[in-house]
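Let us read through this model step by step, beginning with the end of one helix and working outward to the chain that holds it.

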Amino acid sequence: MELLNSISWVAVSFHTLAAVVVISALLVVFSRNIVHSVFWLAACFISLAGVFMTLNADFVAMVQVMVYAGAVCIMVVFAIMLIRRRDMGDTNLFNGQTVAAAGVVALVIMLSGFLSFKSGVVVPPGPVPVNQVDSIATAMLTKYVIPFEVAALLLLVALIGAIFLAKEVKADADSDS
Amino acid sequence: MGENIFVGIATWLRDVMSSAGVPDLWNDTILMLVKLVTVLVFVMLNFMVLNYMERRIAGFIQSRRGPNRVGPHGLLQPLADIGKMLGKELYIPKSVDKIVFLLMPTLIFVPPFLIFAVLPLGKNMAAIDMNIGVFYMFAIASLSTIILWGAGWSSNNKYSLIGSMRAVAQMVSYELPLILSLLGVIMITGTLNMSSIVEAQNNIWFVFTQPIAFLIYFIAGIAETNRTPFCLVEGESEIIAGPYTEYSGMTYAMFPLAEFVSMIIISAMSTIVFLGGWLAPFGWTFIPSWLWFFLKMYVMIFIFMWVRWTYPRIRVDQLMGFNWKVLVPLALANIFITGVGMYVFRAIGWWS
């Protein structure tokens, strides 16, 4: 009993979740079947939400589940189904671009590290506030309202573009027949 | 009387364990486990009741008797069905993706059960009283889509695939009005906590102040649970049984089970958000709060079943057109009117 009480359960859950995140992310890449990759991607996103939960960031965790596991995976599913092959066996193969890929990955890691070092965000000490939604909403609609609206406009443009493309294909198909 | 029976049991269990010298951490863990197992048992019992209720109501509406042979008034029919389902062979077709095929019926029950953990089933009776409960519910519910799709895809059958693609299109589309319809209530209460939303309806239920939102929520809720008028996912006359075509025995039974549980959740959510949750109408507090909750929830479930056995199935193009051209604009207009109304009422001092 003494031993069990001395374990930091947050640390245990963090390491378990981190292991699941890394393993499932690797399996996304190594699965030969692209549909299996999508399921591993969902597993990766959900366990990442678990990591946010251990940081007491409930709202961000739920955004992660809803937007990534719920919506992004479905988008990938639609993309796969639109370009579907008869046999899904070998749809997620490797190619020979190892050097270029290594360069891009190194660049991304260095850039994100540099930016997070440069941003200088200081985490205030003390417990995390219980009600995070209010402060996120206030920040989003006052200080960051312009980036927020720009992002919304960008999504709207993408939506109109998608509808336009879909309509175009339909008109062509009609004229052919 | 009876008001504090479940809360009392939880307090009693905690006291017994702490007096037996169990450390607080283990005490909390065991108590949470007991709560969640209770929720699971509750869900299973409800499934059996609903299975029987659905068939009896269907019989009543269609002028026939429904199940009435097993036990008095056919009450043991669900048990017999479960026995039959458990006894059936799990047939796995040759060309299915075996792991995914068997994993998806197992997982389909997980999101509804996770949602049940945060529903306040009575005063102080949420297993976990989550601060962002409503948002949590929608986030978790959105996971059902990919599981249903996986079931259809792994069957490697064109009817299954068509059915599962319909499921994806329908569930993703109808999630939008479902969430937008609740935004009006969330704007008025200013909270995402389900218990606080219930307490905010002390004076008037939101079904009276937000009637359009309630209607939109109800329609979108039927579509989310894939029940008739919107049961295109398993439209028998078109695509055999949709994603469930290749499943048999218990693997098949998990899908209707999950459907019934989602129906309970949609009814429970409409009770919590629009019908005053556990609050007693007319001050009739002699009936305990949890009983009020179940009465309201079962009225909602009855209306769901009534709709199911009354209306025919709609077409796919009607389904999408109705969602994007009617429900979503209506929900957005409702949000706009609610926002304007809040400012007007504040300005003239009727509401603070």
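In this predicted model, a convenient place to start is Gly349(B), which follows helix 15 of chain B and has a positive phi, near 80°.

Going back from that glycine into the helix itself, helix 15 of chain B covers residues 316-347, and because its 32 residues should span 46 Å at 1.5 Å a residue, the 46 Å that separates its end C-alpha atoms agrees with expectation. The helix nevertheless bends, by about 35°, at Asn323(B). Asn323(B) is also one of the buried residues of helix 15, together with Leu319(B), Leu327(B), Ala331(B) and Asn334(B). An α-helix has 3.6 residues a turn, so residues three or four places apart point the same way. As for what lies over these buried positions of helix 15, the cover includes helix 8 (158-189) and helix 11 (211-224) of chain B.

Stepping back to the whole chain, chain B contains 15 helices and 0 strands. Its radius of gyration is 22 Å, close to the 20 Å that the globule rule gives for 352 residues, and chain B is therefore as compact as a globular protein of that length. The C-alpha trace of chain B spans about 65 × 60 × 45 Å along its principal axes, and buried residues make up 42% of the 352 residues. Finally, among contacts in chain B with a separation of 6 or more, 77% are between residues 24 or more positions apart.

Notes:
Residues are numbered from 1 along each chain as its sequence is written. Chains are lettered from A and ligands numbered from 1 in the order in which they are written. This is a predicted model: local features need pLDDT of at least 70, side-chain atom pairs count only at pLDDT 80 or more; totals for chains, interfaces and linings use all residues. Helices (H or I, at least four residues) and strands (E, at least two) are DSSP runs, numbered from the N terminus. The radius of gyration is taken over C-alpha atoms; the globule rule is 2.2 Å times the number of residues to the power 0.38. A residue is buried if 20 or more other C-beta atoms lie within 10 Å of its own, exposed if 12 or fewer, and partly exposed in between; C-beta atoms are placed from the backbone. Two residues are in contact if their C-beta atoms, placed from the backbone, lie within 7 Å. The expected span of a helix is 1.5 Å times one less than its number of residues. The bend at a residue is the angle between axes fitted to the seven residues ending there and the seven starting there.
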